[in-house]
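Subject: the model you asked about

Hi,

Here is the structure, ready to open in your viewer. My notes on what turned up follow below.

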Amino acid sequence: MADDAATGPLPAVDFLKIPEDGEPYLEGYKCGDCSAVVLGDRPACPKCAARGALEPFKLSNQGKLYAYSIVHRSFPGIDVPYVSAIVDLDGGGTVKGNLIDVEPDPEKIPFDLPVEVVYADALGRKDRDGNSYLSYFFRPRA
Ligand SMILES: [Zn+2]
C-alpha cells in the first residue's frame with residue numbers, strides 16, 4: 001500500500017480555519033477600538049479607521065439571513081438552482097456563502113431566517129495531489 005498519511009482536507013477559503021484538534025471555524029478580525037468585525041485582515045479598520053487595531057476573531061456559527069439570491073445560471077459542473085446568501089453572524093461579521101437544505105423558492109426563504117454554519121466537503125473538488133477541500137455552508141437552524 002502507498003503511504004496514506006492522513007492529511008485532512010484543505011480549507012476552501014483562507015478564512016476557514018481547521019485546528020489540529022477541534023472543530024473548523026470561520027475567522028474574522030475584530031477592531032479593538034470600535035468592535036467592528038470584518039472578514040480579512042487589513043491595515044486599518046474600515047469603520048473607524050484605527051490603524052493596527054484588528055485582531056483575529058473566531059466568528060459565530062449562528063446567524064441570520066440578511067439577503068440572498070437564487071442562482072439559475074452558473075459555471076459548467078455547478079448544479080443550479082442554488083441559493084447564494086449573505087448572513088449576519090451573531091456577535092458580528094457578515095459572510096457570503098451558499099444556503100443549503102432549502103427549496104430554492106423565494107416563498108420558502110424568509111429574511112432573518114435563523115441559520116447555522118456547517119462544514120462539509122467542497123462539492124468533491126480536489127487539488128492536484130488529490131486533497132479534498134473543506135468548505136462552509138449555511139443551513140436553516142432546526
Ligand atoms: Zn474600528
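E55 is partly exposed because its relative accessibility is 48% (buried means under 20% relative accessible area, exposed over 50%, partly exposed in between, with a 1.4 Å probe and protein chains only). You'll find E55 in strand 5 (strands are DSSP runs of E with at least two residues, helices runs of H or I with at least four, numbered from the N terminus). From E55 to D101 the C-alpha distance is 33 Å, with the two positions 46 residues apart in sequence numbering.

Before you go further: this is a predicted model, where local features need pLDDT of at least 70 and side-chain atom pairs count only at pLDDT 80 or more, while totals for chains, interfaces and linings use all residues. Residues are numbered from 1 along each chain as its sequence is written, and side-chain values use heavy atoms, with hydrogens and water left out.

**The fold**

The chain has 10 strands and 0 helices, so the pattern along the sequence is simply β-β-β-β-β-β-β-β-β-β by the DSSP runs. Its C-alpha atoms fill a box of roughly 55 × 45 × 30 Å along the principal axes. Of the 142 residues, 32% count as buried.

**The zinc site**

Which residues hold the zinc ion? The SG atoms of C31, C34, C45 and C48 coordinate the zinc ion at 2.3 Å. Donors here are N, O and S atoms within 2.8 Å of the metal (3.2 Å for Na, K and Ca); water is not among the atoms, so sites may look incomplete. Along the chain, the donors are spaced C-x2-C-x10-C-x2-C. Within this set, C34 and C48 link distant parts of the chain, 14 residues apart: C34 is in the loop between strand 3 (25-31) and strand 4 (37-38), and C48 is in the loop between strand 4 and strand 5 (54-58).

The arrangement is tetrahedral because the 4 donor atoms subtend angles of 107 to 111° around the zinc ion. For the cut-offs, four donors count as tetrahedral if all angles lie between 85 and 135 degrees; four count as square planar and six as octahedral if opposite donors are over 155 degrees apart and all others between 65 and 115, and anything else is irregular.

Are C34 and C48 buried or exposed? C34 is partly exposed, at a relative accessible area of 25%, and C48 is partly exposed too, at 33%. R51 is also in the loop between strand 4 and strand 5, and R51 counts as exposed because its relative accessibility is 68%. The C-alpha atoms of R51 and C31 are 9.3 Å apart, with the two residues 20 apart along the chain.

**Core and pocket**

The largest nonpolar core has 23 residues, and L26, L65, V95, L99, Y119, Y136 and F138 touch the most other members. (A nonpolar core is a set of buried Ala, Val, Leu, Ile, Met, Phe, Trp, Tyr and Cys residues joined through side-chain atoms within 4.5 Å.) Strands 3, 6 (62-71), 7, 8, 9 and 10 each supply at least two residues of this core, and strand 7 gives the largest share, 4 residues. In soluble globular proteins, nonpolar side chains tend to be buried together.

The largest pocket holds about 680 Å³ of space. On a 1 Å grid over the protein atoms alone, a pocket is an open set of points with protein on both sides within 12 Å along at least five of seven lines, and a lining residue has an atom within 4 Å of a point. Its volume is the space filled by probe spheres set on the points, which are joined across faces, edges and corners. Of the 26 lining residues, Y82, N98, L123, R125 and F137 lie nearest the centre. Strand 7 (82-89), strand 8 (94-99), strand 9 (114-126) and strand 10 (132-140) each give two or more residues to the lining. The lining divides into 16 nonpolar, 6 polar and 4 charged residues (Ala, Val, Leu, Ile, Met, Phe, Trp, Tyr, Cys and Pro are nonpolar, Asp, Glu, Lys and Arg charged, and the others, Gly among them, polar).

**Backbone oddities**

Most residues other than glycine have a negative phi, and most peptide bonds are trans. D101 has a positive phi of about 60°, and D112 one of about 70°. D101 sits in the loop between strand 8 and strand 9, as does D112. V80 and P81 are joined by a cis peptide bond, with omega at about -5°.

Cheers

Terms used
1 Å grid on protein atoms, 1.4 Å probe; cavity = no way out; pocket = protein on both sides within 12 Å on 5 of 7 lines; lining within 4 Å.
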